[in-house]
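Q: I'd like a close look at a single part of this protein, with its surroundings explained step by step. Could you walk me through it?

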Amino acid sequence: MTQQPHATQPSAGTPPAAAPTPAPGPGPTPTETAWATGGVVFAGVLLLMNGILAVFQGISLLAEDDVWSRVGDYVYKINLTGWGVILLCLGAVAVVTGAFILKGAAWARMTGIFLASLSMIAQFLFLPYAPFWSVIMIGLDFFVIWALAVYKPEITKRGPA
């Protein structure tokens with residue numbers, strides 16, 4: 001191996017120079033990272049609360065409460081007992097997933113996106129029974145999906161360079 005003409009050899013008494021630090025690449029700014037981290041905590045809380053409310057909504061539907069109006073002609077005909085079972089099961093899984101999102105489990109983020117998507121579809125189909133509530137829940141589910149999708153834990157754990 002031959003020596004390059006521009007390479008300099010360190011003298012025996014001096015330590016080698018530190019490697020140059022790479023220039024920061026096109027990554028998220030600290031503000032974007034803080035928003036994503038705060039967003040995922042808020043998404044975990046929202047998914048947890050959404051699950052609790054869905055469980056209560058499912059129990060109310062199973063008890064055939066008079067709160068829910070009966071819709072006469074609707075394309076998606078599911079009786080109130082069917083809705084109660086759907087919302088009760090979806091809510092119970094959402095509560096567990098929301099708790100694990102708050103604990104930082106990686107699998108819970110993907111499961112949370114899937115559950116929020118299912119909840120969004122279920123709330124769309126539930127529109128005739130409670131339109132105002134369903135629209136609010138669709139919006140919250142959209143935020144949960146966004147917050148869980150943009151969160152990158154490997155960036156936040158590394159910290160600033």
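In which helix is Ser119 found? Please start there and work outwards.

A: Happy to. Keep in mind throughout that this is a predicted model. Ser119 is found in helix H3, which runs over residues 106–125.

Let's begin with the residue itself. Ser119 has a relative accessible area of 7%. The cut-off for buried is under 20%, so Ser119 counts as buried. Leaving out residues up to four places away in sequence, Ser119 touches Asn50, Leu90 and Asp141.

Asn50 is a good partner to follow next. The place of Asn50 is in helix H1, and this residue is buried too, because its relative accessible area is 9%. Beyond its neighbours within four places in sequence, Asn50 is in contact with Ser119, Met137 and Asp141. Asp141 therefore appears in the contact lists of both Ser119 and Asn50.

For contrast, look elsewhere on helix H1. Gly38 also lies in that helix, but Gly38 is partly exposed, with a relative accessible area of 38%. Its C-alpha is 9.4 Å in space from that of Tyr151, although 113 residues separate Gly38 and Tyr151 in sequence.

Back to Ser119, which borders an internal space. Rolling a probe the size of a water molecule over the atoms shows where empty space is left. Here the count comes to 1 cavity of 30 Å³ or more, and the largest cavity has a volume of about 70 Å³. Ser119 and Asn50 are both in its lining, together with Leu47, Gly51, Ala54, Leu87, Leu90, Gly91, Ala94, Leu115 and Gln123. Helix H1 (30–62), helix H2 (80–103) and helix H3 each give at least two residues to this lining. By class, the lining has 6 nonpolar and 5 polar residues, with no charged residues.

Now the helix that holds Ser119. H3 has 20 residues and reaches 30 Å from its first C-alpha to its last, close to the 28 Å expected. Its buried residues include Leu115, Ser119 and Gln123, and these three also line the largest cavity. An α-helix has 3.6 residues a turn, so residues three or four places apart point the same way. Other buried positions in H3 include Ala108, Arg109, Gly112, Ile113 and Ala116.

H2 offers a similar reading. Its end C-alpha atoms are 34 Å apart, which agrees with the 34 Å that its 24 residues should span. Leu87, Leu90, Gly91 and Ala94 are among the buried residues of H2, and these four belong to the cavity lining as well. Just after H2, Gly104 takes a positive phi of about 95°.

Then there is the nonpolar packing. The largest nonpolar core has 25 residues, and those with the most contacts inside it are Leu61, Trp83, Ile101, Phe126, Val144 and Leu148. H1, H2, H3 and helix H4 (131–150) are the elements that give two or more residues to this core. Leu148 reaches back to H3: apart from residues up to four places away in sequence, it touches Arg109, Gly112 and Ile113, among others. Leu148 also touches Val40, Ala43 and Ile101.

Finally, the wider setting. The protein chain has 5 helices and 0 strands, and 31% of its 161 residues count as buried. Among contacts with a separation of 6 or more, 72% join residues 24 or more positions apart. The contact of Ser119 with Asn50 is one that links H3 to H1.

Notes: Residues are numbered from 1 along each chain as its sequence is written. This is a predicted model: local features need pLDDT of at least 70, side-chain atom pairs count only at pLDDT 80 or more; totals for chains, interfaces and linings use all residues. Side-chain values use heavy atoms; hydrogens and water are left out. On a 1 Å grid over the protein atoms alone, a cavity is a set of points where a 1.4 Å probe fits but cannot get out, and a pocket is an open set with protein on both sides within 12 Å along at least five of seven lines; lining residues have an atom within 4 Å of a point. Grid points are joined across faces, edges and corners, and a volume is the space filled by probe spheres set on the points. Helices (H or I, at least four residues) and strands (E, at least two) are DSSP runs, numbered from the N terminus. Ala, Val, Leu, Ile, Met, Phe, Trp, Tyr, Cys and Pro count as nonpolar, Asp, Glu, Lys and Arg as charged, and the others, Gly among them, as polar. Buried means under 20% relative accessible area, exposed over 50%, partly exposed in between (1.4 Å probe, protein chains only). Contact means heavy atoms within 4.5 Å. A nonpolar core is a set of buried Ala, Val, Leu, Ile, Met, Phe, Trp, Tyr and Cys residues joined through side-chain atoms within 4.5 Å. The expected span of a helix is 1.5 Å times one less than its number of residues.
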